Amino acid sequence: MEMTVTRADVQKIVGDELESLRSRIIANHVAAKQVASGRTKSSIKVELTENGGILWGRFPFGTLETGRRAGRTPHNFISIIRQWIIDKGISVPPIQYIRKPSERWKPKYTPKERGVMSMAGAIAHKIKTEGTKLYREGGRNDIYSPEIEKTVNSITRRVGLLFEQEVEHINLNTKNEDGYNK
């Protein structure tokens with residue numbers, strides 16, 4: 001029985017391990033209560049290539065462990081934070097109007113919308129000037145860092161075993177100079 005390690009064998013191992021990594025990262029992300037809209041979670045994809053595999057995530061994926069440092073923000077950052085508040089289901093007190101609506105003036109936003117926009121503005125300002133709470137607290141390393149290390153070790157071990165079996169098979173089928181098995 002001839003055994004040959006093929007690229008497909010190695011790709012299968014890499015694919016299985018990356019899918020497992022993807023699942024563990026998502027589980028850690030959910031357990032850390034970081035999920036708001038689910039866009040980051042659903043953006044994590046595995047792509048197998050000719051020479052291995054890639055685990056993709058949306059641009060802010062790295063901030064799951066590090067947080068976001070202070071500094072420049074996107075032009076629509078307040079809207080992003082506003083949507084985050086809504087997605088997270090954070091309760092925000094309404095801000096009532098002092099002025100009474102009349103024929104000449106109708107409020108543009110409801111008191112609830114005003115409260116959410118005010119909170120979003122405050123949070124966006126805090127992040128822009130000081131970074132996120134996670135960043136200010138020094139980050140964490142339990143979402144993907146240890147999982148990546150486990151995956152690399154597992155791939156190395158599993159692929160190594162494949163080649164070890166191949167080498168064993170080669171040794172068992174060697175013949176000496178006279179054509180006899182050793």
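Glutamate 17 is buried in this predicted model, with a relative accessible area of 10%. It counts as buried because the cut-off for that class is under 20% relative accessible area. The side chain of glutamate 17 still has a charged partner: it meets the side chain of arginine 158 in a salt bridge, at 2.9 Å from N to O. This pair links distant parts of the chain, since glutamate 17 sits in helix H1 and arginine 158 in helix H7 (residues 145-172), 141 residues apart. Arginine 158, for its part, is partly exposed, at 27% relative accessibility.

**The helix around glutamate 17**

Helix H1 covers residues 7-31, which makes 25 residues. From its first C-alpha to its last, H1 reaches 36 Å, close to the 36 Å expected at 1.5 Å a residue. Glutamate 17 has company among the buried residues of H1, which include Ile13, Val14, Gly15 and Leu18. Further along the helix, Leu21, Ile25, Ile26, Asn28 and His29 are also buried. What comes after H1? The helix is followed by lysine 33, and the phi of lysine 33 is positive, near 60°.

**Other salt bridges**

Side chains of opposite charge can pair when their charged atoms come close. How many salt bridges does a search of the whole structure find? The search finds eight. Three of them are set out here, with the N to O distance and the relative accessibility of each partner.

| Acidic partner | Basic partner | N to O distance |
|---|---|---|
| glutamate 17, 10% | arginine 158, 27% | 2.9 Å |
| glutamate 130, 38% | lysine 126, 36% | 3.2 Å |
| aspartate 142, 36% | arginine 140, 30% | 2.6 Å |

Where do glutamate 130 and lysine 126 lie? Both lie in helix H5 (residues 111-130). They are four residues apart, about one turn of the helix. Glutamate 130 counts as partly exposed at 38% relative accessibility, and lysine 126 counts as partly exposed at 36%.

Aspartate 142 and arginine 140 form a salt bridge whose closest N and O atoms are 2.6 Å apart. Aspartate 142 is partly exposed, at 36% relative accessibility, and arginine 140 is partly exposed too, with a relative accessible area of 30%. Elsewhere, Arg24, Glu147 and Lys150 are joined into one network by salt bridges that share partners.

Note on methods:
Residues numbered from 1 in each chain as written. Predicted model: local features only at pLDDT ≥ 70, side-chain atom pairs only at ≥ 80, totals over all residues. Heavy atoms only, no water. Helix = DSSP H or I, 4+ residues; strand = E, 2+ residues; numbered from the N terminus. Expected span 1.5 Å × (residues − 1). Buried < 20%, exposed > 50% of the residue type's maximum accessible area, 1.4 Å probe, protein only. Salt bridge = Lys/Arg side-chain N within 4 Å of Asp/Glu carboxyl O.
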